[in-house]
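Colleague: I'd like to learn how to read side-chain contacts and a few other features off a model. Could you take me through them one at a time?

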Amino acid sequence: MAGKGEAKSARTAVTVVLVAAAFVSLLLGKSMLLQAGLAVVLGWLLTGTRYQWLYILQHTLGRDLNALVRFVRMHLTMWLWEKRGLPTIPLIFSSVAQKNHKKAAFLFEGQSWTFKEVDELSNRLGNFMKSQGIRKGDTVALLMESRPDYVCLWMGLAKLGATSALINYNLRLDPLVHSITVANAKAVIVGTELAPALQEVRSKLNNIPIFQYADAPKNAPAKPEEPSKLLPGAVDLRVKIWDTPATSLKEDMAKIKNTDHLFYIYTSGTTGLPKAAIINHIRFQFMAVAVHTMLNFRDDDIVYDPLPLYHTAGGMLGIGQAVLFANTIAIRRKFSASNFWKDCCQYKCTVAQYIGEMCRYLLTVPSQPAEKEHKVRIVVGNGLRPAIWTQFCERFNIAEVGEFYGATESNSNIINIDSTVGAVGFVPRYAGAVYPVSLVRADDDTGEPIRGPDGLCQVCQPGQTGVFVGKINPKKAHSAFSGYADKKASEKKVIKDVFVKGDSAFNSGDILVMDEFGYFYFKDRTGDTFRWRGENVATSEVEAVISNVAGMSDAVVYGVEIPNVEGRAGMAAIVDSENKLDLDALAEGMRKSLPVYARPLFLRAMKSLPMTGTYKLQKKDLLSDAYDPAKIKDALYFFDGTANKFVPLTASLYQDIITNKIRF
């Protein structure tokens with residue numbers, strides 16, 4: 001269980017207790033009663049499992065006290081907004097803009113947008129959309145690439161009490177139609193750069209009014225959009241709001257509650273059509289304030305945000321630092337690995353954001369001076385794999401990593417505040433009542449929670465993998481679950497009778513493991529983990545190994561069925577755009593780094609892999625293709641255990657496998 005280092009720390013903890021007891025004994029003098037009391041207390045501390053708790057406390061006390069102070073600051077910040085009559089995002093931002101009107105809110109493509117300019121543009125938009133019949137409670141879909149105007153537009157709608165459906169700008173055809181209609185949008189605001197994508201599905205949108213916003217520099221004159229670019233029947237929005245008064249929308253803002261809907265932010269759609277998660281004003285506050293306070297952001301921090309603004313990380317956690325705290329945000333239209341550190345230098349950023357596979361992509365870029373010359377002290381995000389964590393920090397001189405965990409719609413969010421390698425966050429072992437998140441045992445095949453004789457879920461012990469859940473408490477911002485626009489989808493994420501009869505919890509669908517100090521580590525998604533040869537295979541760990549062996553290439557791993565064979569065999573799809581994949585080196589790397597049961601038997605070499613807009617690799621279509629050479633045009637390989645190497649998966653070899661002529 002405990003290693004040599006842990007055993008030494010445990011002995012140290014006990015020694016400290018004994019020394020402290022000896023000191024107290026001297027202070028107590030010769031009183032037999034007091035000395036006896038001390039002996040009882042000492043015996044109680046050092047017997048049973050309390051010995052282990054002393055060890056844990058000695059290891060985590062500093063971290064936990066630090067977290068407590070920041071946690072209190074977080075709630076105090078939100079409480080003060082409420083007391084000052086600033087319960088919603090537009091009211092807080094209006095106050096921030098008034099106090100910092102000359103300060104840069106956004107830096108973008110060589111231009112600086114002041115808080116005053118952002119506030120005034122949002123007022124113009126709000127006033128114009130109000131004249132078009134948009135009211136409190138209405139939803140407007142926003143389809144635009146990342147730029148400062150994007151924030152101004154949703155802020156203007158928010159000042160009316162309207163909800164912005166932040167549409168993934170990578171979507172096309174049916175997924176795009178679904179995202180607009182599932183939110184019951186009354187209108188669509190589309191950037192000219194994405195107008196052709198909207199025009200493709202216009203006939204399926206039931207004549208929803210279209211407002212087209214030109215892609216132009218901040219101070220460019222508001223001339224009419226070119227007829228060839230303006231969609232038929234669309235309102236030329238930039239021209240219209242140019243002449244609209246920037247008068248305040250105080251009366252409209254005063255009617256908004258912090259529980260009203262602010263956004264719909266969509267899930268990545270890795271397992272089906274995107275789901276519209278409800279984000280209310282209090283949720284936005286909690287997420288942005290948590291990052292700001294728990295990671296100790298400074299008032300003069302400049303944040304580099306190269307993430308899509310339609311998603312939580314870029315649009316809430318990043319932009320929220322400007323909206324709520326007057327930090328300056330450097331926005332990039334789309335992520336570029338080769339320009340990441342150059343941008344950080346240009347804008348003098350001290351904080352940088354990442355998500356998904358971005359960190360791995362940065363490691364593939366040839367060395368450049370900017371990667372050492374930047375002033376970034378902390379990177380913040382989700383998805384930095386443990387296998388490259390240390391390499392990333394050492395190469396790019398990163399002192400702190402603020403890795404966090406939590407889905408857009410989740411009420412169970414955690415964060416790593418001390419840069420513990422690989423950890424996605426922590427919860428003190430004794431703080432479950434204050435922040436009720438936990439791991440519960442789940443069925444390996446179905447992902448459903450396993451229940452005990454009492455009908456309740458079985459809580460995992462340290463070292464046991466389980467599904468991450470968060471107890472739902474609508475009265476607390478950090479424990480509330482607002483769900484999705486689709487009520488049936490919301491119901492599927494809630495499990496009942498979790499810790500006690502009658503309670504409920506959000507089911508993340510993610511498999512994590514917690515160590516004895518309360519640190520959590522991501523393992524896999526339920527449905528991704530599979531069993532082979534009686535063992536569970538965590539695909540994320542295998543993917544990390546394969547990616548490293550193959551020179552940081554994109555790779556996904558999934559389980560495939562072989563007729564009449566128990567479990568699922570591993571299969572890897574890997575990017576080999578230049579046909580340089582060394583199969584022998586890959587096989588050797590897998591042999592050295594993975595147990596036999598975790599080594600993929602099937603391999604698919606592809607020119608590219610499907611990926612979401614937030615840089616998460618997709619597996620859905622790969623799973624349906626499996627390893628059938630009749631369906632797949634890419635190069636396929638099978639690991640021949642006798643020859644100890646990958647061999648081409650021919651049609652005849654495929655037949656031998658599915659007819660069980662080859663034994664597994």
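Modeller: Sure, and let's begin with charges over rings. A charge sits over a ring if NZ of Lys or CZ of Arg is within 6 Å of the ring centre and within 35 degrees of the ring normal. Keep in mind throughout that this is a predicted model.

Colleague: Okay, so which ring does K275 lie over?

Modeller: That would be Y484: K275 lies over its face, at 5.6 Å from the ring centre. Another case is R63, which lies over the face of Y519 at 4.6 Å from the ring centre.

Colleague: And when two rings meet, what do I look at?

Modeller: Two things: a pair of aromatic rings is described by the distance of the centres and the angle of the planes. This structure holds 24 aromatic pairs. Take Y304 and F340: their centres are 5.1 Å apart and their planes 85 degrees apart, which makes the pair edge-to-face.

Colleague: Which parts of the chain does that pair tie together?

Modeller: Y304 lies in strand β10 (residues 302-305) and F340 in helix α14 (residues 340-346), so the pair ties together parts that are 36 residues apart in sequence.

Colleague: Is Y304 buried or exposed?

Modeller: Buried, because its relative accessibility is 1% and the limit for that class is under 20%. F340 also counts as buried, at 1%.

Colleague: Can you show me a pair with another geometry?

Modeller: Try F602 and Y627, a stacked pair with 4.1 Å centre to centre and 15 degrees between the planes. F602 belongs to strand β26 (residues 602-606), while Y627 is in the loop between α21 (620-625) and β27 (635-640), so this contact ties together parts 25 residues apart in sequence. F602 is buried at 0% relative accessibility, and Y627 is buried at 3%.

Colleague: Which residues do ring pairs link into a cluster?

Modeller: Y304, F335, F340, W341, F392 and F396. You've already met Y304 and F340 as an edge-to-face pair.

Colleague: Let's move to salt bridges. What's the idea?

Modeller: Side chains of opposite charge can pair when their charged atoms come close. The count here comes to 30 salt bridges. In one of them, D174 pairs with K204, with the closest N and O atoms 3.1 Å apart. D174 is in helix α7 (residues 173-182) and K204 in the loop between α8 (195-200) and β6 (210-213), so the bridge links distant parts of the chain, 30 residues apart.

Colleague: How accessible are D174 and K204?

Modeller: Both fall in the partly exposed class: D174 at 48% relative accessibility, and K204 at 47%.

Colleague: What about K619 and D528?

Modeller: Their side chains meet in a salt bridge at 3.6 Å, N to O. K619 sits in the loop between β26 and α21, and D528 in the loop between β21 (519-525) and β22 (530-532), 91 residues apart. K619 counts as buried at 11%, whereas D528 is partly exposed at 22%.

Colleague: And which residue forms a salt bridge with D634?

Modeller: R604, with the closest N and O atoms 2.9 Å apart. D634 is in the loop between α21 and β27, and R604 is in strand β26, 30 residues apart. D634 is partly exposed at 25%, and R604 is buried at 7%. Elsewhere, salt bridges that share partners join E109, E145, R147, D149, E193, D215, R333 and K334 into one network.

Colleague: How do I read a pocket?

Modeller: Ask about its volume, then its lining. The second largest pocket holds about 550 Å³ of space. Its lining has 25 residues, with A67, F71, M294, F426 and Y435 nearest the centre. These 25 divide into 22 nonpolar, two polar and one charged.

Colleague: Which element gives the most to that lining?

Modeller: α3, with six residues. Elements supplying at least two residues each are α3 (50-83), α11 (281-294), β14 (400-405) and β15 (414-415).

Colleague: Last one: what should I check in the backbone?

Modeller: Look at the sign of phi. Most residues other than glycine have a negative phi, and most peptide bonds are trans. L173 has a positive phi of about 50 degrees although it is not a glycine. L173 lies in helix α7 and is partly exposed, at 47%.

Colleague: Where is K348 placed?

Modeller: In the loop between α14 and β12 (351-355). Phi of K348 is near 55 degrees, again a positive value in a residue other than glycine, and K348 is exposed, with a relative accessible area of 57%.

Terms used: Residues numbered from 1 in each chain as written. Predicted model: local features only at pLDDT ≥ 70, side-chain atom pairs only at ≥ 80, totals over all residues. Heavy atoms only, no water. Phe/Tyr/Trp six-rings, centres within 6.5 Å; stacked < 30°, edge-to-face > 60°. Helix = DSSP H or I, 4+ residues; strand = E, 2+ residues; numbered from the N terminus. Buried < 20%, exposed > 50% of the residue type's maximum accessible area, 1.4 Å probe, protein only. Salt bridge = Lys/Arg side-chain N within 4 Å of Asp/Glu carboxyl O. 1 Å grid on protein atoms, 1.4 Å probe; cavity = no way out; pocket = protein on both sides within 12 Å on 5 of 7 lines; lining within 4 Å. Points joined across faces, edges and corners; volume = space filled by probe spheres on them. Nonpolar A, V, L, I, M, F, W, Y, C, P; charged D, E, K, R; others polar.
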